[in-house]
Amino acid sequence: MKKLEDELRLRLNDDEQVPYPDFDAMWERMQQIQTDQEWKNTSSVPFVRKRKVKRIAVAATLGALLAAAPVYAAVHYDWDTLLRWNSGVQTALKQNLGQELEQSVTRDGITLTLHTAVVDENQTVILYSLDIGKHNKNEFWSFAGISLKDKEGKVVDLQKGSQVWDDKSNRFTGYLQADWTPSGDTEEVELSAHNLRSTSQQEKELALDPGSPELQEIAIRQDGLKSVGVQIFEQGEDKFLLATSVDFDQPETKDWAYPRIAVYKNGAEVHSLPGGTFGTPGEHGEYTMQQYFKRSYLSGGSASYRLLYTKLEQSLEGPWNFDLKLSKEKMKSGTFIKALNTTLEENSQSVLKKMVTTPVQISVAIENSAKWGIMPYQKYELLVGGKTLEGRLWSSEGRKPRIETFRFDRPANLVITPETPIVLVCRYKVTYHGGGEAPVRLTGIGTQKQSLTTNISGYPVKWTYYKQNGDLYVESESASPGFGGVNQTYIGTGKNRIIGKPLTVNFTGDGNNKAIDVYKNFKGTEAEIHMFYYTTDDPDKETRVVLQPGEAAGGGTEQ
């Protein structure tokens, strides 16, 4: 991420504390947007943590068979479909490396059963089922909080990997996941689940004028939602941005509402374009989102708009508590730990520290002491014995230097030994630059849009500025794809500087370099705009680091 990630990670405007967005809710809503019908029936519902992106897997159970032989049932159920984003867990189950749990707790007539655990040196995964009795197919049940407490009393949040309704077992099934793993071969822990919620999907018609650039505010006044504000911005010749904020008259509603705008053309919902974001906190705690649509979707007079959101039907506090003894003993024979001390590339401040290979996944820890605290590459692969594994990056919070972890799930047919060649491949380099260049001087500021072009590191950057309802809007973009985008801007210097509020949230390396900042209640007709920093993109840049059987002399090779 660009705007949001940078603002929160780097704390460039450290005189203002910015609350962290609920990425779990944001990612869940983003997935629900794409698969609303599946969400009600059998699709998986992904979640995103603040520090790490987790792809989703689903555990399905057949009651009597699973009670008798949980690993056998899990392996012979449709795991190829349900665990389609987690080949590592599939691999472990097919090799009979799951740990049987089979514990149930019933409260308020609802039974939570823990069936199987998959525990290694990298992570803990627990497969479960939730029996709620008679089920209304229009409602979705899930726990707001699930955690593990280890023997020292430390509490670890479990991430809800996925939960779906399974018609065959007449219950919800799913799995939980955490980076936590026993400090020894086994460890006694307490698992606690609480605040079980039942929710349903709701919608409300919105009367929006797609031709108006003004902020359009609409009262909602139902189910804890107070109002919605929508502003439409042009984003090139055939692209619009819908910037939306939702206010709540019951603040707790934003914990489950996950609102979004749906656009319908001739009665059918149209798909938004890539790059949208959900759940970014607003200046006063409102829920904000950005959605991109083609111009043709909003024109012609046949478009209609609805606010879709989730309504809380009921809530049960619980808790559902379990005493467990988790073990990674089954994984020991297939686990290899290798110490590394290799730079990512020449003169890099990112150093590879450790590689852990288990039957479930391969993880590579990297110590990142770079100024910006962000990895320079966007795409990661692992070449293992002639096969290519696609990776994900987890980031640690609150540590200096930062500890990042690349994770690669293992396919079932991949054999790895301490002698298997392993190479880390990083692609698409993004470079961060301090905004120390000359400020951009805006003159004659008024309601009419004005533009000027400056040169930043050899890239032409177009600045468009105008006032609307007393607020100053500053847009920046470049026709050159090598320019990644301008980070948050500010006016003035020192304690008297005025910090622009980002209206857009862009993802690093997404190919979109247009950004919009707004200065509320701006007075005057001139301003000097400064950048905190900006990025440049090199999609073709690649670096390779040999992890096994030997370390590349002098670090990685850059191409």
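**Aromatic pairs, sheets and covered elements in a predicted model**

F172 is buried in this predicted model, with a relative accessible area of 1%. This value lies under the 20% limit that defines a buried residue. The partner ring of F172 belongs to F140: the two ring centres are 5.6 Å apart and the planes stand at 75°, so the pair is edge-to-face. The angle exceeds the 60 degrees above which a pair is classed in this way. The contact between these rings links distant parts of the chain, since F140 is in strand β4 and F172 is in strand β7 (residues 171-178), 32 residues apart. F140 is also buried, with a relative accessible area of 7%. Ring pairs further join F140 and F172 with W165 into a cluster.

A search of the whole structure gives 10 aromatic pairs. Another of these pairs involves F483 and Y534, whose ring centres are 5.9 Å apart and whose planes make an angle of 20°, so this pair is stacked. Here too distant parts of the chain are linked: F483 is in strand β30 (residues 483-486) and Y534 is in strand β36 (residues 533-548), 51 residues apart. Both F483 and Y534 are buried. Charged side chains are also placed over aromatic rings. R306 lies over the face of Y264, at 3.9 Å from the ring centre, and the charged end of K449 sits over the ring of Y466, 5.0 Å from its centre.

The protein chain as a whole contains eight helices and 37 strands. Of its 559 residues, 56% count as buried. The exposed surface of the chain amounts to about 24000 Å², of which carbon and sulfur atoms supply 46%. Among contacts between residues at least 6 apart in sequence, 66% join residues at least 24 apart.

Strand β7, which holds F172, takes part in an open sheet of five strands. The order in this sheet is β1-β2-β3-β7-β6, with antiparallel pairing. Its edge strands are β1 (99-107) and β6 (159-166), each of which pairs on one side only. From one strand to the next, the twist averages 20°. Strands β6 and β7 run antiparallel and are joined by seven bridges; V164 stands opposite T173 in β7. Helix α7 packs on this sheet and touches β2 (110-119) and β3 (124-131), with its direction at about 85° to that of β2.

Helix α7 spans residues 87-94 and is mostly covered, with six of its eight residues buried. The buried residues are G88, V89, Q90, T91, A92 and L93. The helix is followed by N96, which has a positive phi, near 60°.

Strand β4 (residues 139-149), the element that carries F140, is likewise mostly covered, and nine of its 11 residues are buried. Strand β4 is joined by 10 bridges to strand β8 (residues 186-206), and the two run antiparallel. Within this pairing, S142 has R197 of β8 as its bridge partner. Strand β4 also runs antiparallel to strand β5 (residues 155-157), to which three bridges join it. In that pairing S147 stands opposite D157 in β5. The hairpin of β4 and β5 has five residues between the strands, and G153 takes a positive phi near 90° there.

Strand β8 also contains N195, a residue that is buried, with a relative accessible area of 16%. Apart from its neighbours within four places in sequence, N195 is in contact with S142, F143, A144, S315, L316 and E317. S142 is thus named twice in connection with β8, as the bridge partner of R197 and as a contact of N195.

A further open sheet consists of four strands in the order β26-β35-β31-β32, with antiparallel pairing. At its edges stand β26 (440-442) and β32 (498-499); each has a single partner strand, so one side of each is left without a neighbour in the sheet. Strand β31 (residues 489-491) pairs with β32 in the antiparallel sense over two bridges, and I491 has I498 of β32 as its bridge partner.

How values were computed:
Residues are numbered from 1 along each chain as its sequence is written. This is a predicted model: local features need pLDDT of at least 70, side-chain atom pairs count only at pLDDT 80 or more; totals for chains, interfaces and linings use all residues. Side-chain values use heavy atoms; hydrogens and water are left out. Buried means under 20% relative accessible area, exposed over 50%, partly exposed in between (1.4 Å probe, protein chains only). Two strands pair if DSSP finds at least two bridges between them. Rings of Phe, Tyr and Trp (its six-membered ring) pair if their centres lie within 6.5 Å; planes under 30 degrees apart count as stacked, over 60 as edge-to-face and the rest as tilted. A charge sits over a ring if NZ of Lys or CZ of Arg is within 6 Å of the ring centre and within 35 degrees of the ring normal. Contact means heavy atoms within 4.5 Å. Accessible areas come from the Shrake-Rupley method with a 1.4 Å probe; for residues, only the protein chains shown count as cover. Axes are lines fitted to C-alpha atoms, for helices over the stretch in contact, and angles run from 0 to 180 degrees between N-to-C directions.
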